[in-house]
Amino acid sequence: MADEVILMSFWPSMFGMRTVFALEEKGVKYEYRGEEDVINNKSPLLLEMNPIHKKISVLIHNGKPVCESIIQIQYIDEVWSDKNPFLPTDPYQRSQALFWADFIEKKLFLCGRKTWATKGEELEAAKKELIEILKTLQSELGDKPYFGGDTFGFVDIVLVGFYSWFPAYQKFGNFSIESECSKLMTWGKKCMQRDSVAKALPDYDKVFGYVLQLKKVYGIE
């Protein structure tokens with residue numbers, strides 16, 4: 001009997017995108033429900049499957065929910081372990097991949113959000129912090145094609161969903177990531193050449209339009 005795999009997400013979510021990348025890289029057949037209204041009208045299924053956080057993304061495997069995107073990537077890597085491993089087998093290298101995933105998780109989303117949700121001194125501080133975060137990641141990337149070395153791996157999956165948001169960060173924040181982090185942007189373009197990434201990343205203009213909607217919803221001028 002084939003596995004039943006459902007992904008509940010919302011199309012602009014860089015967290016939901018991660019799980020799509022992982023499923024696509026493994027060649028797993030799944031049903032994608034990417035129109036979950038996470039602001040105004042959370043579905044009964046979402047509330048049932050994630051009663052603690054009540055948010056996307058939720059991976060449902062044979063009726064059982066797996067919540068939080070980084071945990072989902074690890075789960076997918078372990079369940080479908082016969083193809084394209086994401087995490088290194090070496091314990092130290094594995095610990096480093098998990099460290100950088102945690103760094104991205106704790107730093108990037110909130111700082112990126114401030115580039116379109118704040119003004120004045122707070123915005124200037126956010127731009128400076130964001131560039132520092134990205135420079136740190138670029139330094140870790142070094143001259144490797146991917147964070148996973150020659151292979152698209154765990155850290156790449158965790159980070160690349162943000163790539164589709166970079167233009168919105170730059171436009172609303174009035175700054176350039178390209179001029180400060182050109183190697184990281186080259187990495188993003190390389191990731192875009194992968195079918196798994198190209199399939200999940202939304203169009204930049206669509207993300208920009210979504211941020212305009214968010215600004216309206218939250219009363220941010």
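Trainee: Leaving aside its neighbours within four places in sequence, which residues is S57 in contact with?

Mentor: Quite a list: L7, M8, S9, F15, G16, T19, V66, C67, E68, S69 and Q72. Keep in mind that this is a predicted model. S57 lies in the loop between α2 and β3, and that strand covers 58-61.

Trainee: Why does S57 count as buried?

Mentor: The relative accessibility of S57 is 3%, and the word buried is used under 20%. So 3% puts S57 in the buried class.

Trainee: What kind of peptide bond joins I56 and S57?

Mentor: A cis one, with omega at about 0 degrees.

Trainee: How confident is the predictor in the chain as a whole?

Mentor: The mean pLDDT is 94, and 98% of the residues reach 70 or more. Confidence is lowest in helix α2 (residues 44-49), where the mean is 88. Helix α6 (residues 154-160) has the highest confidence, at 98.

Trainee: On to helix packing. What makes α1 roughly parallel to α3?

Mentor: Helix α1 (residues 14-26) and helix α3 (residues 69-79) pack at an angle of about 10 degrees, with their axes 9 Å apart. Angles under 35 degrees count as roughly parallel, so α1 is roughly parallel to α3.

Trainee: Which residues meet where α1 packs on α3?

Mentor: From α1 you have F15, R18, T19, A22, L23 and K26. On the α3 side they meet S69, I70, Q72, I73, I76 and D77. Some of those names should ring a bell: F15, T19, S69 and Q72 are also among the contacts of S57.

Trainee: And why is α3 called roughly antiparallel to α4?

Mentor: Here the angle is about 150 degrees, and the axes are 11 Å apart. The cut-off for roughly antiparallel is over 145, so α3 and α4 get that label. In α3, S69, I70, Q74 and E78 meet R94, L98, A101 and E105 in α4.

Trainee: While we're on α3, why is Y75 called partly exposed?

Mentor: Y75 is found in helix α3. Its relative accessibility is 27%. Buried needs under 20% and exposed needs over 50%, so at 27% Y75 counts as partly exposed.

Trainee: What does Y75 touch, not counting residues up to four places away in sequence?

Mentor: L59, H61 and V66. G142, on the other hand, is 67 residues away from Y75 in sequence and 28 Å away in space, C-alpha to C-alpha.

Trainee: What is notable about the phi of N62?

Mentor: Phi of N62 is near 50 degrees, which is a positive value in a residue other than glycine. N62 is found in the loop between β3 and β4 (64-67). With 42% relative accessibility, N62 counts as partly exposed.

Trainee: And what about the phi of N84?

Mentor: N84 isn't a glycine, and its phi is positive too, at about 45 degrees. You'll find N84 in the loop between α3 and α4 (91-117). N84 has 34% relative accessibility, so it counts as partly exposed.

Trainee: What makes A2 exposed?

Mentor: The cut-off for exposed is over 50%, and A2 has 67% relative accessibility, so it counts as exposed. A2 lies in the segment before β1 (5-8). From A2 to Y92 it's 90 residues in sequence and 35 Å in space, C-alpha to C-alpha.

Trainee: How many disulfides does a search of the whole structure find?

Mentor: Zero.

Trainee: Why is there no bond between C181 and its closest cysteine sulfur?

Mentor: A disulfide needs the two sulfur atoms within 2.5 Å. For C181, the closest cysteine sulfur is in C111, 12 Å away, so that's too far for a bond. For C191, the closest one is in C181, at 15 Å, which is again too far.

Trainee: Are C181 and C191 buried or exposed?

Mentor: C181 is buried, with a relative accessible area of 0%. C191 also counts as buried, at 0% relative accessibility.

Trainee: Last one: what does the UniProt annotation say about residues 90-218?

Mentor: The unreviewed UniProt entry has "domain: GST C-terminal" there. In the model, that span is 74% helix and 0% strand, and its end C-alpha atoms lie 45 Å apart.

Notes: Residues numbered from 1 in each chain as written. Predicted model: local features only at pLDDT ≥ 70, side-chain atom pairs only at ≥ 80, totals over all residues. Heavy atoms only, no water. Buried < 20%, exposed > 50% of the residue type's maximum accessible area, 1.4 Å probe, protein only. Helix = DSSP H or I, 4+ residues; strand = E, 2+ residues; numbered from the N terminus. pLDDT = per-residue confidence, 0-100. Contact = heavy atoms within 4.5 Å. UniProt positions renumbered as here; feature names shortened; annotations may be inferred. Axes fitted to C-alpha atoms, helices over the stretch in contact; angles between N-to-C directions. Parallel < 35°, antiparallel > 145°, perpendicular 65-115°, else oblique.
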